[in-house]
Amino acid sequence: MKCPPAGPVPAVERWFTMQAPVTTPLSGPKADAVREFAALFAGWPLGRRAISIGGSTGKGNADARSDLDFRIWQEADVLWPHQAPERWRTYFELTEQWKRRGVIIDGVWPRQIGQVEAALR
C-alpha cells in the first residue's frame, strides 16, 4: 500500500481519486493515520469517491483525546464485511494498529452518492 508523502495534511489535499476536506490542518500521528487509511480506501473499488473526516476533528475543535471518524462518499455500492471479508479484515487490523499507537479510529461511514442525491430531491 503506497501512502501519500509525510508532513502536515493541508485543509484540502487530493489523494489518488479522493479529497480529504479537513477544517484545520492535521499533523503528527493523526495525519499519518489519515494518509494510511486514504491509501487503503483508494484500493477499494468504489468508483469516484471522496473521503472526509467528521466529528470534532473534522470540525476543527478536536483535543488530544479525539478520535478519527471517516466518511466515504462513493459511486459504487459498498461491499460490507460479510461480502468482502478480506478488505474489511485489513481495515480492522489497521484500526487496531493505530489504536496501539494512540490514534483511535471511531469508524468509517460509507455513503453512496446516488442515494444521497436521491434523498436530497
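Which residue of S4 does Gly54 stand opposite? In this predicted model, the residue facing Gly54 is Asp69. That pair is a handy way into the sheet, so to speak, and the strands around it come next.

S3 (49–54) and S4 (68–74) run antiparallel and are joined by six bridges. Strands of a sheet pair through backbone hydrogen bonds, and they can do this in a parallel or an antiparallel way. Here, three strands make up an open sheet, lined up in the order S3-S4-S5, with mixed pairing. S3 and S5 sit at the edges, each pairing on one side only. If direction is ignored, neighbouring strands of the sheet are turned against each other by 20 degrees on average. Helix H4, covering residues 113–120, packs on this sheet and touches both S4 and S5. The direction of H4 makes about 70 degrees with that of S5.

Now for the greasy part. The largest nonpolar core holds 23 residues. Phe37, Phe41, Leu68, Phe70, Tyr91 and Ile105 are the ones with the most contacts inside this core. At least two core residues come from each of helix H1 (28–42), strand S3, strand S4, helix H3 (85–100) and strand S5 (105–112). H1 gives the largest share, six residues.

Phe37 is worth a look of its own. Setting aside its neighbours within four places in sequence, Phe37 is in contact with Phe70, Tyr91, Leu94, Thr95, Trp98 and Ile105. Among these partners, Phe70, Tyr91 and Ile105 also appear in the list of residues with the most contacts inside the core.

Notes
Residues are numbered from 1 along each chain as its sequence is written. This is a predicted model: local features need pLDDT of at least 70, side-chain atom pairs count only at pLDDT 80 or more; totals for chains, interfaces and linings use all residues. Side-chain values use heavy atoms; hydrogens and water are left out. A nonpolar core is a set of buried Ala, Val, Leu, Ile, Met, Phe, Trp, Tyr and Cys residues joined through side-chain atoms within 4.5 Å. Buried means under 20% relative accessible area, exposed over 50%, partly exposed in between (1.4 Å probe, protein chains only). Helices (H or I, at least four residues) and strands (E, at least two) are DSSP runs, numbered from the N terminus. Contact means heavy atoms within 4.5 Å. Two strands pair if DSSP finds at least two bridges between them. Axes are lines fitted to C-alpha atoms, for helices over the stretch in contact, and angles run from 0 to 180 degrees between N-to-C directions.
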